[in-house]
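Biologist: Please put the model on the screen. I have questions about it, and I would like short answers.

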Amino acid sequence: MGLKVVSSAIISFSLFLLLASTAKAQSKGVFDVTKYGADKDITEALTNAWKDACASTNPSKVLIPSGTYSLRKLTLAGPCKAAIELQVDGILKAPVDPNQFSGGHWVNFGYVDKFTLSGSGTFDGQGKAAWSKSTCQKDKDCDSLPMNIRFDFITNALVRDITTRDSKNFHVNVFGCRNLTFQHFTVSAPGESVNTDGIHVGRSTGIYIIDSKIGTGDDCISVGDGTEELHITGVTCGPGHGISVGSLGKYPNEKPVSGIFVKNCTISDTTNGVRIKSWPALYGGVASNMHFEDIVMNNVQNPVIIDQVYCPWNQCSLKAPSKVKISDVSFKNIRGTSATPVAVQIACSSGIPCEKVQLADIKLAYSGPDGPAKSQCSNVKPIISGIMSASGC
């Protein structure tokens with residue numbers, strides 16, 4: 001009997017040690033940057049906290065608590081040994097002077113699997129001074145200005161409840177990623193900010209942008225070559241240039257775009273609504289299986305547009321048609337108000353006409369002097385069904 005009691009005591013004590021050890025390991029799972037000497041500038045503290053968390057064999061979290069901090073150009077890279085989360089509850093401010101960057105990015109996350117970026121915090125790019133000096137509107141290259149956040153080769157990841165504000169260039173660039181979700185994500189910049197796309201996605205698969213609010217000076221969401229299975233749902237867009245596939249055909253060897261699904265979104269006071277755009281004359285490409293459904297337009301210029309003569313600032317030749325093949329596209333249940341008399345414009349390539357373009361239940365009103373709303377189609381034979389308030393196609 002005494003032996004059983006001793007054995008039970010040993011087992012209980014061993015269990016206590018195991019639980020204590022587990023609790024201790026769990027408490028070590030949070031890497032608070034303030035414990036790494038973070039002060040007004042947290043660049044070194046965040047670098048070191050990330051390094052330790054990334055080396056952990058247990059799931060870990062790097063914490064940036066509430067407060068306002070300066071952050072210089074930074075890369076947080078994997079691979080990490082276990083799942084890792086960066087919780088940002090503070091306001092991070094980028095250097096104001098663009099010359100303090102060597103281009104590319106402000107904050108870069110790269111080569112991380114099972115990554116979460118969370119919190120109520122803000123990445124403030126402080127871009128106002130950069131916009132006033134920007135030559136992006138007349139130059140072909142804006143790479144000298146940094147993007148707020150880059151995600152490169154990130155897999156199985158979630159970005160939620162984060163705000164990016166006033167980037168000097170694109171707010172977010174997604175490249176080479178797989179299974180990445182943005183949820184309750186906010187992009188904030190004035191309509192006059194230059195080249196400040198909200199989220200640009202390229203060469204990535206399985207990207208989800210849901211229940212998010214994007215207002216900026218360029219495309220709310222832009223889709224580059226090599227994008228497959230992009231799902232945009234419940235997004236509020238405006239100000240900005242709308243939700244755009246492209247521009248495509250600007251560079252050689254672009255990869256196909258396929259599986260673009262935009263649904264249940266609201267677009268307000270933008271220069272475009274839902275758009276597919278490609279450059280004339282330059283390079284080939286393929287874009288197919290793209291569907292826009294249940295979209296509300298509020299005072300939107302060019303609510304529905306395919307533009308295969310896209311040539312901003314006269315940077316190209318219009319003497320030859322676009323070489324990008326567009327097919328299997330649908331616009332369904334697009335409703336609201338247009339700020340321009342041409343509410344639907346499908347301008348396809350004369351060299352490779354669009355195929356399988358469907359327009360269904362397009363209910364767009366225009367109340368200006370040249371009303372009612374019209375549609376224009378070229379080099380395409382659209383399949384029209386249901387209500388088509390914008391006559392012409």
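Modeller: This is a predicted model. Ser193 is a place to start, in the loop between strand S15 (186-188) and strand S16 (199-202).

Biologist: Is Ser193 buried or exposed?

Modeller: Buried means under 20% relative accessible area. Ser193 has 2% relative accessibility, so Ser193 counts as buried.

Biologist: Which side chain makes a polar contact with the side chain of Ser193?

Modeller: One polar atom of the Ser193 side chain lies 2.6 Å from a backbone oxygen, that of Pro190. That partner is a backbone atom, not the one you ask for. The side-chain contact, at 2.8 Å, is with Thr196.

Biologist: Leaving aside neighbours within four places in sequence, which residues are in contact with Ser193?

Modeller: Pro190 and Thr196 have been named as polar partners of the Ser193 side chain. Beyond four places in sequence, the contacts of Ser193 are Trp131, Thr216 and Gly217.

Biologist: Where does UniProt place the feature "active site"?

Modeller: The annotation comes from an unreviewed UniProt entry. The residue is in the loop between strand S21 (236-237) and strand S22 (243-248). UniProt places the feature at His241.

Biologist: Why does His241 count as partly exposed?

Modeller: Partly exposed lies between the cut-offs of 20% and 50%. His241 counts as partly exposed because its relative accessibility is 23%.

Biologist: Which backbone oxygen does the side chain of His241 reach?

Modeller: Leaving aside neighbours within four places in sequence, His241 is in contact with residues including Asp218, Thr270 and Arg275. Gly217 is also on that list, and Gly217 is in contact with Ser193 too. At 3.2 Å, the His241 side chain reaches the backbone oxygen of Gly217.

Biologist: Now the open sheet. Which strands stand at its edges?

Modeller: The sheet has 11 strands, paired in parallel, in the order S4-S7-S10-S13-S16-S19-S22-S24-S26-S28-S30. Each edge strand has a single partner, so one of its sides is left without a neighbour in the sheet. The edge strands are S4 (74-77) and S30 (374-378).

Biologist: How many bridges pair S4 with S7?

Modeller: S4 and S7 (residues 105-110) run in the parallel sense. In this region, Ala77 stands opposite Gly110 in S7. The bridges between S4 and S7 number four.

Biologist: How many bridges join S27 to S29?

Modeller: S27 (residues 323-338) and S29 (residues 355-365) run parallel. Arg335 stands opposite Lys363 in S29. S29 is also joined to S31, by four bridges. For S27 and S29, the number of bridges is nine.

Biologist: Which residue in S31 stands opposite Gln358?

Modeller: S29 and S31 run parallel. Opposite Gln358, in S31, stands Ile383.

Biologist: On to the disulfides. Why is the link of Cys220 and Cys237 right-handed?

Modeller: The structure holds four disulfides. In one of them, the sulfur atoms of Cys220 and Cys237 are 2.1 Å apart. The link is right-handed because the torsion about the S-S bond is about 80°.

Biologist: Where in the chain do Cys220 and Cys237 lie?

Modeller: Both cysteines are buried. They are 17 residues apart, and the pair links distant parts of the chain. Cys220 is in the loop between strand S18 (213-215) and strand S19 (221-223), and Cys237 is in strand S21.

Biologist: Is the link of Cys348 and Cys354 left-handed or right-handed?

Modeller: The S to S distance of this disulfide is 2.0 Å. Cys348 and Cys354 are both buried. With -105° about the S-S bond, the link is left-handed.

Biologist: What parts of the chain does the pair of Cys377 and Cys393 tie together?

Modeller: The disulfide of Cys377 and Cys393 has an S to S distance of 1.9 Å. With 95° about the S-S bond, it is right-handed. The pair ties together parts 16 residues apart in sequence: strand S30, with Cys377, and the segment after strand S31 (383-388), with Cys393.

Biologist: Why is there no bond from the sulfur of Cys265 to that of Cys237?

Modeller: Cys265 counts as buried, at 1% relative accessibility. A disulfide needs sulfur atoms within 2.5 Å. Cys237 has the closest cysteine sulfur to that of Cys265, but it is too far for a bond, at 8.4 Å.

Key: Residues numbered from 1 in each chain as written. Predicted model: local features only at pLDDT ≥ 70, side-chain atom pairs only at ≥ 80, totals over all residues. Heavy atoms only, no water. UniProt positions renumbered as here; feature names shortened; annotations may be inferred. Helix = DSSP H or I, 4+ residues; strand = E, 2+ residues; numbered from the N terminus. Buried < 20%, exposed > 50% of the residue type's maximum accessible area, 1.4 Å probe, protein only. Contact = heavy atoms within 4.5 Å. Polar contact = N/O pair within 3.5 Å; in protein donor to acceptor, adjacent residues only side chain to side chain. Pairing = 2+ DSSP bridges.
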